[in-house]
Amino acid sequence: MVQKYQSPVRVYKHPFELVMAAYERRFPTCHLIPMFVASDVVDEETSEDGSTQRVERRCALDVDAPRLLKRIAGVDYVYFIQKNTLNRKERTLHIESHNETFSNRVIIHETCCYSVHPENEDWTCFEQTASLDIKSFFGFESTVEKIAMKQYASSIKKGKEIIEFYLKELEDEGITHVPRWTPSSLPLPLPRPTSLSTSPPVIPKLAVTPAVSIPLPADAKDSTSQDTKQDSSALQADSLTEILAGTPEDKLDADYIKRYLGDLTPLQESCLIRLRKWLQETHKGKIPKDEHILRFLRARDFNMDKAREILCQSLTWRKQHQVDYLLETWSSPQVLQDYYTGGWHHHDRDGRPLYILRLGQMDTKGLVRALGEESLLRHVLSINEEGLRRCEENTKVFGRPISCWTCLVDLEGLNMRHLWRPGVKALLRIIEVVEANYPETLGRLLILRAPRVFPVLWTLVSPFIDENTRKKFLIYAGNDYQGPGGLVDYIDKEIIPDFLGGECMCEVPEGGLVPKSMYRTAEELENEDVRLWTETIYQSASVFKGAPHEVLIEIIDASSVITWDFDMCKGDVVFNIYHSKRAPQPPRKDPLGAHGITSPGGNNVQLIDKSWTLGQDYSMVESPLTCKEGESVQGSHITRWPGFYILQWKFHNMPACSATNLPRVDDVLATLQVSSHKCKVMYYTEVLGSEDFRGSMTSLESSHSGFSQLSAATTSSSQSQSSSMISR
């Protein structure tokens, strides 16, 4: 498996020319990088006007690897080739490096770039990408990969400090300014290189160029720590206040990550940046905020593939049920305001929003009977949405990343009536939804005054709670919370609620029994228009190999506009639009009996008769569009004729390799990913009059990804005669 790394943008608050002067001091050797043994210039080229300089070096690394592994490899040093292109006119330095040692077994490639900050020409930006692909290594592939990634991550972490060290050294020598290049300038001389003694090559490591450093000695750290702290605290105000994910051209700044997302390891930063970039490509910039992406990565221990899967499912769920508008549209019924014993109450010692739930005083049976599961679920989701909003607010107020909240649950009064089976069922259902869509939002759960019946409830509920979440639970029986290690360790004494022995008045309702006169029948609840999971403008459909899904749209007036918005939840399809003058036969829902497959997760309708001939009975009005898994597609078609239009989603068959009859590896892997040749699509269609379409985009609600609460504002763009936009 290829390991990849993508750095955030690291900013040096010094001019480009001064940073380059510091960079050159790292050659031919650097005492701050013990593993960087030597380097030798093997080729050098300078343009006639001196603006461009190309230098190729052969560098040697003494890798910190087990002695046994070095013996097996039979080498002492790792050699790699580094090619630098300095453009003094454009003020950029591009660095490319690859391994020379074991290049037939290991492929290592790294690129780095120094450039001028786009908003401040006196600052310098640094970016870095790398990849490691170990084909074979004497049976030690996994070990070598771990060693390489560990040492590479360690060197990246200290890279900025190395440059800062040499900048400080220049300052001590009185060099605080290096003039910019002009056509009359002479190129800067390079230091005289030391020659390398020929040595057999060694165990491979990610090609750490001199642009990336190894940990500093203690004296070097001391000399640079003060400057580094000043740099990290001197971010521009406009970049700090911008906390929304922006356009695909936006890049994450390392200082921004530290300020708003916390201390991440280099590899964690890389996972965040790569997943963010993938979302930008597949959702056209309408992506969740960085904090939300990071929560899903943490929930899957920064396994990017697993995090991407659950995040895409959650985004589809949010869009399908318009959860982003919940705080604007949801108004809790009076019953909840009077009898739901929960509410927000200041914050804990870490600045996290504090939510208090007096579960022991809550009449769960009465609330379920009076409101139904759907209203309770919607209310709990609104609490989580409010929690996300408060985390953002507290991040600004306290000046440090706050991405989760603390929940205090008071169980005084909990008894067997709380184990009412429909109530427990509703609770488990709510836990399931919250776990799937709000991971890593619970920072700490304080359970107070747990009675004897609590272990019974815990036995029922705990299997549905993620293991990482369970580790955040602190349970106190009786009055244990009042002693050392209790509530005062997590909440300031001044805000402890009065019902827990504190002096702060808490506005959380006291609850009580819901009057039976407010109970409603199952039929009344069924007719209530609050169905969260069924109240949606989107439909789901399954697409199988040999069984496309088709939607019929009848057009009376020419120049009408057919619009569509669909998400590929699973698999790849080809999207087509056909026109026919005659109506197809009544739709047949294929039970897919021939495939031995049932489709519980969506319907499958086929309209085009197998006897129809393309070009005679019906015609294609748009070019086929291949849509990949995870993509969000919005588009429109202005009809030219009245009649019947058919939107078709057809299973995408991977093309065979033209040069050989053998299937490609990528094709085989892609086929294996679509289990049972099944695809799933969630879609919405609408027909508009052409005058409505051209006059306003407000009715094209479906062309906007509905991540208003979790993403940047989405700008709409009108489509012309026929258009389809794939968010790749």
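Here is a short chat about this predicted model.

Me: Let's start with cysteines. How many disulfides are there?
Reply: The count comes to zero disulfides.

Me: OK, so what's the nearest cysteine sulfur to Cys 112?
Reply: That of Cys 113, at 8.9 Å. A disulfide needs two cysteine sulfur atoms within 2.5 Å, so a pair 8.9 Å apart doesn't count.

Me: And which cysteine sulfur is nearest to Cys 125?
Reply: Again that of Cys 113, here 9.0 Å away, and Cys 125 is in no disulfide.

Me: Is Cys 112 buried or exposed?
Reply: Cys 112 counts as buried, because its relative accessibility is 4% and the cut-off for buried is under 20%. Cys 125 is buried as well, with a relative accessible area of 6%.

Me: Switching to strands. What's the order in the open sheet of five strands?
Reply: The order is β9-β10-β11-β12-β13, and the pairing is mixed.

Me: Which ones are the edge strands?
Reply: β9 (342-347) and β13 (473-477), since each of them pairs on one side only.

Me: How much are neighbouring strands turned against each other?
Reply: By 20° on average, ignoring direction.

Me: What holds strands of a sheet together, in general?
Reply: Strands pair through backbone hydrogen bonds, and they can be parallel or antiparallel.

Me: How do β11 and β12 run, parallel or antiparallel?
Reply: They run parallel, and six bridges join β11 (residues 405-410) to β12 (residues 442-450). If you want a spot to look at, Val 409 stands opposite Ile 447 in β12.

Me: Which helix packs on that sheet?
Reply: Helix α14 (residues 373-398), which touches β9, β10 (353-357) and β11. The direction of α14 makes about 5° with that of β9.

Me: New topic: how many cavities of 30 Å³ or more are there?
Reply: Five. The second largest has a volume of about 70 Å³.

Me: What lines the second largest cavity?
Reply: There are 11 lining residues, and the closest to the cavity's centre are Glu 24, Val 55, Asn 84, Leu 86 and Leu 93. α1 (16-24), β4 (52-61) and β5 (78-87) each supply at least two residues of that lining.

Me: Last one, where is His 177?
Reply: His 177 is in the loop between α4 (159-172) and α5 (218-233).

Me: Is His 177 buried or exposed?
Reply: Exposed, because its relative accessible area is 60% and exposed means over 50%.

Me: How far apart are His 177 and His 14?
Reply: In sequence they're 163 residues apart, but in space they're 9.3 Å apart, C-alpha to C-alpha.

Terms used. Residues are numbered from 1 along each chain as its sequence is written. This is a predicted model: local features need pLDDT of at least 70, side-chain atom pairs count only at pLDDT 80 or more; totals for chains, interfaces and linings use all residues. Side-chain values use heavy atoms; hydrogens and water are left out. Buried means under 20% relative accessible area, exposed over 50%, partly exposed in between (1.4 Å probe, protein chains only). Two strands pair if DSSP finds at least two bridges between them. Helices (H or I, at least four residues) and strands (E, at least two) are DSSP runs, numbered from the N terminus. Axes are lines fitted to C-alpha atoms, for helices over the stretch in contact, and angles run from 0 to 180 degrees between N-to-C directions. Contact means heavy atoms within 4.5 Å. On a 1 Å grid over the protein atoms alone, a cavity is a set of points where a 1.4 Å probe fits but cannot get out, and a pocket is an open set with protein on both sides within 12 Å along at least five of seven lines; lining residues have an atom within 4 Å of a point. Grid points are joined across faces, edges and corners, and a volume is the space filled by probe spheres set on the points.
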